[in-house]
Amino acid sequence: MSASLFELLASRFPPERSAPCFILSDGREISYGALESAAARVAGRLIAEGLRPGDRVALQAEKSPEAIMIYLGVLMAGAAFVPLNAAYTKSEVDYFLGDAYPRVFVTDPPTFVREAESAEALARPVPRDAGDLASLIYTSGTTGRSKGAMLSHGNLAENALALHAAWGFTPKDVLLHALPVFHVHGLFVALHCALLSGAPMIWLPKFADAEVLTGLKRATVMMGVPTFYTRLLANPAFNRESASNIRLFISGSAPLLPSTFAQFEQCTGQRILERYGMSEAVIITSNPLEGDRIAGSVGFPLPGVELRIGGGEETGVIQIRGPSVFSAYWRMPEKTAEEFTADGFFITGDVGRVDPDGRVWISGRAKDLIISGGYNVYPKEVELVLDELPGVTESAVIGLPHPDFGEGVAAICTGKGDEAGIIVAARQQLAAYKLPKRVIFVNDLPRNAMGKVQKNLLRQTYATLFQR
Ligand code: AMP
């Protein structure tokens, strides 16, 4: 067997290929056999059209089973898959196409797959080495140009195997898949766990309460971003009974609020398993399947992952080295060099600490660090205090240009509270320099498709808050 990720996944498909892989909300099912043969025809068509190993194939489209047929066909053909967020505008897409320079750009997966039916199926996957490029994942790029993280067959295979084992997947599982597939969470973490188990997925185009509640009755595992869990909790129809078939709820891509963890446990009796990952390394740490899952901690490094804190203090920027860590940013040698240490650790940009038990706690992004009057303020520390105060549901703490302090601390919150009262209450727990100078209530915090609060948008919106 070569190191082709496709070969690994296909070697775990169920022996009975008529077994379902995708269960769609209209009741249709698509079997593993149908997925495999469509992938082989897609690969055959791509090669017939001149695709060579190492070429890139980009895809921008709404989520569909056909997008996965194309993803697997691209891997089988020895090329690299470049998924693009369906929400990107033409000018954003132009940048990605100019940068990745794909030989093929797919915008209509169902038609592409249908047209491949007349192609000759590729008999055997193109052999790959572990270091060969499998996918280019563009980072969300909240600052500067979006970078293409180069993930190899080895990176993806190692991580998929580690997660499959860590989360106890078996062929009896049924995965509820409501995540987008242009991001590592839906495309690699969720999909690969199901494919490696030969298990079916309840395949939802997006998170919609009614379909998720129906899907939960048949599913055994759900993976989601924190927003999925807050939405379930806000739905009066969601209760202990709705969650009773699920053996594991997993959350990631953004911090899960301890209050969401607690409410979820109260409502369903189940403790959400939080894990931490990123485009550059897929999954890095996870709370345990067996043993304590602790709210606010992202758990332990996965086997084989070395994790340390840079800077010589207890809290600092998390650095990682291990089998799933990407090798470089596509065509950005200087950027790559800047973000790796001399001994080969990737500097994640996430700030955190490791407690004496070895659990990892994340306190924010280095670029979100606020420097107010010369003092460092970690937004997460302030947010944890504010989130516990009466009237505050969730807070996002940001630094804004301030004429005296350089940056002033501001808190944008959901809920209903009194600004002065909140500042006084927070003073009981926080040094004065960490206190928000303003607390502003809004109906919703802006979030991207993965549920991350878009602090860059908040910084833009409130840019002049402290200007005189
Ligand atoms: P992306 O590359 O889009 O997947 O974003 C990765 C970033 O998401 C990480 O660097 C973290 O800042 C954040 N992230 C992912 N999972 C978690 C988590 N469980 N808790 C806190 N932040 C997270």
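A polar contact here is a pair of N or O atoms within 3.5 Å; within protein, one must be able to donate a hydrogen and the other to accept it, and residues adjacent in sequence count only if both atoms are side-chain atoms. The model is predicted, with local features needing pLDDT of at least 70 and side-chain atom pairs pLDDT 80 or more, while totals for chains, interfaces and linings use all residues. Residues are numbered from 1 along each chain as its sequence is written, and side-chain values use heavy atoms, without hydrogens and water.

**View A. Polar contacts of the ligand.** Look for the backbone of arginine 275, where an N or O atom sits 2.7 Å from a ligand nitrogen. Ligand oxygen atoms take part as well: one is 3.1 Å from a side-chain N or O atom of histidine 183, and one is 3.0 Å from a polar side-chain atom of arginine 365.

**View B. The shell around the ligand.** Here are the 15 residues around the ligand (a heavy atom within 4 Å). Glu274, Arg275, Met278, Ser279 and Asp350 come nearest.

**View C. The second largest pocket.** This pocket (an open set of points on a 1 Å grid over the protein atoms alone, where a 1.4 Å probe fits, with protein on both sides within 12 Å along at least five of seven lines) holds about 500 Å³ of space, the volume filled by probe spheres set on points joined across faces, edges and corners. Its lining (residues with an atom within 4 Å of a point) has 27 residues, and Pro180, Phe182, Pro205, Lys206 and Ala449 are the closest to the centre.
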